[in-house]
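I opened this notebook to record what I looked up in the structure. The entries follow in the order in which I made them.

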Amino acid sequence: MVASSLSSQLRSDSDELRVHWNSPLSGQQKATGKYTIGQLDFDGIVDFAREADDLGVDSLLMGIGYHMPDPLPMLGALVRETERVKFLLAYRPGLLSPTLFAQVVNTVSWMSDGRISLNLVAGTSPAEQAYYGDFLAHDERYARSNEFLEILHRFWSDEKPLSYEGEHYRIKDAQIGLGFKGGSRPEIYISGASEVAQQTAVDHGDCWLRYGDTPEGMAAAAKSVLTQGGRVGTRMHVLARETREEALADLADLMGDPDENHRKMIADAVASSDSVAVNTSFQLAEAAEADWLSPMLYSGAVAYRGGPALCVVGSYEEVAAYLYEYKAAGISEFIFSGWPTRDEMRIFYTRVLPLLREHERAGQKV
């Protein structure tokens, strides 16, 4: 396993669930609303990151997509506006050469005192990949990702000069003057639901990320990665209120007056997607009874937002207890979003997370 030599060093010593949040780069303010395209409220993103820093958010996911601003230049600015929060950079192999990408990541590690990790995504849409001149099929994109990651690991193992000749990359006598700060490397998260995505995570990453499911569904999906020593995380939405009645009322408001043009755009994108993760999440949502996969897991927003929009809904205590069930299923990390995401982040970290920690402490005493 290429990643194993440093992977154990990068694991948290704590057995606590790690909770990350999604940075609001798409501008979507409600469950059924459209993306904000054509403008960038960078001051708002800075304020969001500062509050995440104050709240104790583990990492902010910096997403990638044609409809959003590129995360790399923003990340370079945000690390100078914050002190503790880490940044989980989503990026696609194929956009930059591995040498240049390692150089950029290493530079940010020095700018941020090592507060950068990577979420490598092979791509979900052949049409969008073509925007960037990439025409590889699904499994070939993962084959390229494996080569990309192998080269990155060799750079971070301080191999120089580095030469590599594969099907997708050829490098000769490469050197990078600035290594990753501390002589280590960033944590690596691999997204996807296919078998090749899982194996890429096991062979080259630290954590396999997939869209949400019930605790039982996640346990079944995670089994292979866990038995091979990998970590497993999931990405979902959350909506927690003082009472379940309040949560359901707010959910109804958020789902009201839906933008059907946006829903059609998402449906068209899914129809052309070759992503197992995307298609699995929509199949789950379509099979749900009255838009609920379980009494706690709402699927009605998936049609407007995609796989990340499976939403845990309930009172503060109900949400905390349900999330603790995922820990028993082998999940060690969450990446959450909300509507609007800044308000929900504040609610979660001040009202729900303390209750989740109580469940963890009680479980340790059993």
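Entry 1, a strand residue. I began with glutamate 165, which I found in strand β5, spanning residues 162–165. The model is a predicted one, and I kept this in mind throughout. Is glutamate 165 buried or exposed? I noted a relative accessible area of 65% for glutamate 165, so I entered this residue as exposed, the cut-off being over 50%. I then looked up its separation from glutamate 147, which lies 18 residues away along the chain: the two C-alpha atoms are 9.4 Å apart.

Entry 2, the surface. I located a nonpolar patch made up of Tyr66, Leu95, Tyr131, Tyr132 and Met265. Together these residues have about 500 Å² of accessible area. I followed up leucine 95, which sits in the loop between β3 (86–91) and α4 (98–112). Its relative accessible area is 30%, and I therefore recorded leucine 95 as partly exposed.

Entry 3, the interior. Which residues touch the most other members of the largest nonpolar core? I found that they are Trp21 and Phe348, in a core of 108 residues. Setting aside neighbours within four places in sequence, I listed the contacts of phenylalanine 348 as Val19, Trp21, Val238, Leu323, Phe336, Leu353 and Pro354. I noted beside this that nonpolar side chains tend to be buried together in soluble globular proteins.

Entry 4, confidence. For the chain I noted a mean pLDDT of 91, with 93% of residues at 70 or more. Residues 4–9 have pLDDT below 50, and this stretch makes five contacts in the model beyond near neighbours in sequence. Predicted coordinates should not be read in detail where pLDDT is low.

Notes
Residues are numbered from 1 along each chain as its sequence is written. This is a predicted model: local features need pLDDT of at least 70, side-chain atom pairs count only at pLDDT 80 or more; totals for chains, interfaces and linings use all residues. Side-chain values use heavy atoms; hydrogens and water are left out. A nonpolar core is a set of buried Ala, Val, Leu, Ile, Met, Phe, Trp, Tyr and Cys residues joined through side-chain atoms within 4.5 Å. Buried means under 20% relative accessible area, exposed over 50%, partly exposed in between (1.4 Å probe, protein chains only). Contact means heavy atoms within 4.5 Å. Patches are made of residues with over 30% relative accessible area and no salt bridge: like charges are joined within 9 Å, nonpolar side chains (Val, Leu, Ile, Met, Phe, Trp, Tyr) within 5 Å. Accessible areas come from the Shrake-Rupley method with a 1.4 Å probe; for residues, only the protein chains shown count as cover. A salt bridge is a side-chain nitrogen of Lys or Arg within 4 Å of a carboxyl oxygen of Asp or Glu. Helices (H or I, at least four residues) and strands (E, at least two) are DSSP runs, numbered from the N terminus. pLDDT is the predictor's confidence in each residue, from 0 to 100.
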